Amino acid sequence: KLKMLTNISNVLRACAQRHKCDTFKLDEAPATQVVMTRDEGLQYYRIMQTMRRMELKADQLYKQKIIRGFCHLYDGQEACAVGIEAAINLSDHLITAYRAHGYTYTRGGTVKEIMAELTGRRGGIAKGKGGSMHMYTKHFYGGNGIVGAQVPLGAGVALACKYQGKNELCVCLYGDGAANQGQIFETYNMAALWKLPVIFICENNRYGMGTSVERAAASTDYYKRGEFIPGLRIDGMDVLCVREATRFAADHCRSGKGPILMELQTYRYHGHSMSDPGVSYRTREEIQEVRSKSDPISLLKDRMLSNNMASVEELKEIDIEVRKEIEDASQFATTDPEPPLEELCNHIYSNNPAIEVRGTNPWSKLKSVS
Amino acid sequence: ITIMAAAARFFVRGAHPKLSFSGVCASAQRSLGAGLLKLSPSCASRTKTHKRHAAHFTFQPDPVPTQYGPTQKMNLFQSVTSALDNTLASDPTAVIFGEDVAFGGVFRCTVGLRDKYGKDRVFNTPLCEQGIVGFGIGVAVAGATAIAEIQFADYIYPAFDQIVNEAAKYRYRSGNMFDCGNLTIRAPWGCVGHGSLYHSQSPEAFFAHCPGLKIVIPRGPVQAKGLLLSCISDKNPCIFFEPKILYRAAVEQVPVDAYTIPLSQAEVLQEGSDVTLVAWGTQIHVMKEVANMAQEKLGVSCEVIDLQTILPWDIDTVCKSVAKTGRLLISHEAPVTGGFAAEISSTVQEECFLNLEAPISRVCGYDTPFPHIFEPFYIPDKWKCLEAIKKMINY
């Protein structure tokens, strides 16, 4: 039965009706009829499910005090990362703020490396020295702790893309909270002035920490706030909407028209960080409603099942595989040794030979190498 | 006594009605640079007729360097231009950006570079310091050589977050996978005789508290070029502060070709046996004069050290000198509390406690905002420094 389904759906493909997308200063809009193959659907499902399970595991480890410090979870927003990545290349560049676990995964990091970074172990993706907010992979510039500070960096990276003429672009992500930072507007201006190939993406999850967008922003039309930069507003819970809009935005950038702004309307199930239970400024009913009506994973799952693109059993099998991967990674992240003390001083400067770093008194000297 | 003397000098100068406003009178931050440009010819002509009030220092040029090939007469801004010119010529990834740099910059440091290398390599930014530095970090992390200009060191604070939180920690927090070592930030620095609150500051100590950065300040054109080229090629984010009062006042024979002067190495400019004088930037020229005065008036032999790199600083050279002389005077224009002199003093007393003959002395700016008309009182001039030497000798 399974085989037949495969054959059929490979030929059949699904037509998904997209939600309407709002545009700003654009003559055209992303396509409303899109095609998703079975393979793509299964792939998106697996990635989103991995991200979801990874975050839930992180939540658990945090509550067991195995993960410490600041930790911002991405569950609920999975369709954003997966949709964006599906429409750009791995050779394109991406930078985000501190809610970075999902993007680290889509950019090529492994669950093992991410979990071990969360627990601060040697095998972590930043050698255990960055932690939750600071993860990096090739063409993924982090992992940035200061609200909004990554946005000008993204424009700089986009300049390099343009300068080198490799037809690459930079995806520059920030949240609805950061959207009110002054440097965002400085960057809009520079990016438009110099026609940089940058896609500004505001992941609007409705709350900047504990403040709802209505209470924080004079205009909540984040896709219009670039003023002279064309914009798109789309449903960030639907991976196909995000993919199609990003594809449109990427074409816009690559054709030399300069920056474009996207607002993805999404939702985070967890609080802002692990120290925020996330229910003092919104109701449990609100969270429950989003979960039941527009969960990104359920949306994709239902779409695939109703179009006969996959069977329940086959998706369950993926779930089991994902769960196992997370368990293995979690095992690794809790047993891998911590970085050695020598690492404390390494990578302060680029230096060769090693330099001495003064400890708490003049007699305790440590070595720093890079 | 010191204050009385300063007051007397002030009144003497105050007798000339125009003096305290000579040069530039603009108060709006952006018009100061433009004012400098437009007014400079008239300033020059005025200097000939009216004697402009004496600067608090006399620039003392270095001997002509012989090891780096042919030299040319350059002032400090020209030597900076020359360093940038060498970089743009030899490094195809190098870009220069900042407020008005395409037109040469308010202090003329980038004159002619846009025309020579193209407007895609030397370009103006909007007035947005935070954006400039963040953008620079991005350009650098993507592999290009980024040279950002902040129009005045006083305007660097909006970019403080980008420098301290983003640039300085990029290498560390990514476990060495990413860095912005290709970034150099240049900024005019220090007092200028009439700069008032927002065109005179020396913010090196703010950044000295931040591992991951390098901070460099030259004393003249020859050092400026060699140290700037070192900063540009160094694989760490560097802040290069240029003493703006020396841009025109300091003239030396500067090598035309590229050369580097090592960072984190202090230079002993004059050897001595009784007191070590440590300073950087403009203050070096005050210290040299103080050393001569101490010799003439007190028979005291001073060793003068130009620290050059504020972070990471050359502890060895300073401590070796203090071990020999037993006395240390540190002087900078920035306010005394929490200034970099405090760090030097603390380290030296830890390392050289038994060698010290007198408490370490700091002669610095007062703990006030940089004053306008009171600048002559505020500046750690040669008289204040000489007084401190007397106290140390008589301790």
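How much area is buried between chain A and chain B? I looked this up first, bearing in mind that the model is predicted.

**Entry: the interface**

I recorded a buried area of about 3,400 Å² between chain A and chain B, with carbon and sulfur atoms giving 62% of that area. On the side of chain A, I noted that Y136(A), Y163(A) and Y349(A) supply 19% of the area buried against chain B, more than any other three residues. I then listed the contacts and found 41 residues of chain A touching 45 residues of chain B.

**Entry: polar terms**

I searched for salt bridges between chain A and chain B, and the count is 0. For polar contacts across this interface, I obtained 13 residue pairs, with both residues at pLDDT 80 or more.

**Entry: what chain A presents**

I checked which helices of chain A contribute at least two residues each to the side that touches chain B, and noted helix 6 (150-164) and helix 7 (182-193). Helix 6 of chain A gives the most, with 9 residues. I sorted the residues on this side of chain A by class and obtained 22 nonpolar, 14 polar and 5 charged.

**Entry: a sheet in chain B**

I turned to an open sheet of 5 strands in chain B, ordered 9-11-10-13-14, with mixed pairing. Strand 9 (267-270) and strand 14 (361-365) of chain B each have a single partner strand, so each edge strand has one side without a neighbour in the sheet. I noted an average twist of 25° from one strand to the next.

I looked more closely at strand 13 (residues 328-335) of chain B, which runs parallel to strand 14 of chain B and is joined to it by 5 bridges. Within strand 14 of chain B, R362(B) is the residue opposite I330(B).

Note on methods:
Residues are numbered from 1 along each chain as its sequence is written. Chains are lettered from A and ligands numbered from 1 in the order in which they are written. This is a predicted model: local features need pLDDT of at least 70, side-chain atom pairs count only at pLDDT 80 or more; totals for chains, interfaces and linings use all residues. Side-chain values use heavy atoms; hydrogens and water are left out. Contact means heavy atoms within 4.5 Å. Buried area is the accessible area (1.4 Å probe) that two parts lose on being put together, summed over both. A salt bridge is a side-chain nitrogen of Lys or Arg within 4 Å of a carboxyl oxygen of Asp or Glu. A polar contact is a pair of N or O atoms within 3.5 Å; within protein, one must be able to donate a hydrogen and the other to accept it, and residues adjacent in sequence count only if both atoms are side-chain atoms. Helices (H or I, at least four residues) and strands (E, at least two) are DSSP runs, numbered from the N terminus. Ala, Val, Leu, Ile, Met, Phe, Trp, Tyr, Cys and Pro count as nonpolar, Asp, Glu, Lys and Arg as charged, and the others, Gly among them, as polar. Two strands pair if DSSP finds at least two bridges between them. Axes are lines fitted to C-alpha atoms, for helices over the stretch in contact, and angles run from 0 to 180 degrees between N-to-C directions.
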